[in-house]
Amino acid sequence: VPELPDVEVFKRYLDSTSLHQKIGSVEVKNKKILGEVPANKLRETLEGQELESTHRHGKHLFVQLDNDDWLMLHFGMTGWLKYFKDPKDEPSHARLLITFENGYHLAFDCQRMLGEVDLIEDPEEFIEDKRLGPDLLELDFPSFRKRFGGRKGTIKSALMNQQIIAGIGNIYSDEILFQARVHPGTGVDWLDEEVLKKLFEETQRVLRTAIEHQADPEKLPDSFLLPLRRKGEKCPRGNGMIERIKATGRTAYFCPACQSQS
Ligand SMILES: [Zn+2]
């Protein structure tokens with residue numbers, strides 16, 4: 001499930017493969033992936049232009065075109081990007097296919113169709129319309145603390161709430177809470193300054209470490225919960241067994257020995 005580190009990896013992939021090349025043709029293979037833009041408008045707008053630059057905000061990726069329009073990519077549950085030359089390398093669930101004049105293709109692949117592609121005028125306006133909170137990697141501690149002030153509910157659901165801070169989902173919220181030794185069911189109003197500070201530091205460290213390792217669970221350090229995020233696995237710190245609970249309708253994995261309920 002693409003969260004901030006995954007989308008940052010997609011951004012760097014797109015930057016290193018697809019920028020500054022003239023687009024020859026565009027194929028919308030499934031219109032359900034589109035937001036408000038009609039397929040023919042997307043095609044007509046993209047063809048003949050180049051992808052100029054990218055900007056990531058939380059789990060959204062914005063790609064600027066020559067004409068200053070922006071392509072908005074949201075990866076849903078299963079979205080990813082693939083750049084390839086040989087048509088036989090096209091991924092099996094390509095929903096949008098951009099073909100460059102150099103003969104290469106960029107596919108937006110999305111098996112479960114929960115992602116979205118749209119054409120927008122201004123990322124700032126889009127972020128405001130969706131009421132997205134600030135991107136977690138562009139946040140300092142005073143702003144982080146302020147975003148949680150006066151909130152109700154559990155820390156697990158607050159971390160995943162894109163309107164408080166943008167970027168974290170079910171998986172990385174578990175990792176951050178494990179690293180900070182905070183129980184997922186802890187009420188936000190129970191968090192004191194020291195715990196909030198620890199949480200903030202762990203959000204930054206966990207996300208940066210994940211990005212450094214291409215957001216690939218198998219490459220993450222042994223001290224991470226993510227590769228072992230299953231019930232009955234041993235805690236990476238050797239203190240206990242991983243357990244699973246439902247928190248606000250989502251499944252949280254945690255170590256009861258390391259993350260005591262307060
Ligand atoms: Zn533990």
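Is C258 buried or exposed? In this predicted model, C258 counts as buried, since its relative accessibility is 7% and the cut-off for buried is under 20%. That cysteine is a handy way into the structure, and the zinc site it belongs to comes up again below, after a look at the whole chain.

Seen as a whole, the protein has seven helices and 10 strands. The chain runs to 262 residues, and a compact globule with that many would have a radius of gyration near 18 Å; the value here is 20 Å, which agrees. Along the principal axes, the C-alpha atoms take up a box of roughly 60 × 35 × 30 Å. Buried residues come to 52% of the 262. Among contacts with a separation of 6 or more, 61% are between residues 24 or more positions apart.

On the outside, about 12600 Å² is exposed, with carbon and sulfur atoms supplying 45% of that area. As for charge, there are 37 positive and 43 negative ones, and the mean positions of these two sets sit 7 Å apart.

Back to the metal. The zinc ion is coordinated by the SG atoms of C235, C255 and C258, at 2.1 to 2.2 Å. Along the chain, these donors follow the spacing C-x19-C-x2-C. C235 and C258 link distant parts of the chain, 23 residues apart: C235 belongs to the loop between α7 (193–212) and β9 (243–247), while C258 is in the segment after β10 (250–254). C235 is buried too, because its relative accessible area is just 3%, well within the limit of under 20%.

Next comes helix α6, which covers residues 170–180. How many of its 11 residues are buried? The count is 11 of the 11, so the helix is largely enclosed by the rest of the structure. The buried set includes charged residues such as D174 and E175, along with I171, I176, L177 and F178. What covers the buried residues of α6 includes three other helices, α1 (4–17), α5 and α7, plus the strand β10. Just after α6, R181 takes a positive phi of about 60 degrees.

A180 is one of the residues in α6. Its relative accessibility is 9%, so A180 counts as buried. Setting aside neighbours within four places in sequence, A180 is in contact with K198, L199 and E202. Far from that spot is D109, 71 residues away along the chain, with 34 Å between the C-alpha atoms of D109 and A180.

One of the helices covering α6 is α5, and K156 lies in it, within residues 155–160. Where might a lysine like K156 end up, buried or exposed? Here, K156 has 0% relative accessibility and therefore counts as buried. Beyond neighbours within four places in sequence, the contacts of K156 are N170, S173, D174, L177, P184, A247, T251 and A252. Several of these partners, N170, S173, D174 and L177, are also listed among the buried residues of α6.

Elsewhere, the loop between β7 (105–110) and β8 (116–120) holds G115. With a relative accessible area of 8%, G115 is buried. Leaving out neighbours within four places in sequence, G115 touches I33, H74, F75, G76 and C110. E8 is 107 residues away from G115 along the chain, yet their C-alpha atoms are separated by 16 Å. M113 lies in the loop between β7 and β8 as well, and its backbone takes a positive phi near 65 degrees, in a residue other than glycine.

Another non-glycine residue with a positive phi is R131, at about 55 degrees. R131 lies in the loop between α3 (123–129) and α4 (141–148). Is R131 buried or exposed? R131 is exposed, because its relative accessible area is 62% and exposed means over 50%.

Conventions
Residues numbered from 1 in each chain as written. Predicted model: local features only at pLDDT ≥ 70, side-chain atom pairs only at ≥ 80, totals over all residues. Heavy atoms only, no water. Helix = DSSP H or I, 4+ residues; strand = E, 2+ residues; numbered from the N terminus. Rg over C-alpha atoms; globule rule 2.2 N^0.38 Å. Buried < 20%, exposed > 50% of the residue type's maximum accessible area, 1.4 Å probe, protein only. Contact = heavy atoms within 4.5 Å. Areas by Shrake-Rupley, 256 points an atom, 1.4 Å probe, with all protein chains shown as cover. Lys, Arg positive; Asp, Glu negative; His and termini not counted. Charge placed at Lys NZ, Arg CZ, Asp CG, Glu CD. Donors = N, O, S within 2.8 Å, 3.2 Å for Na, K, Ca; no water.
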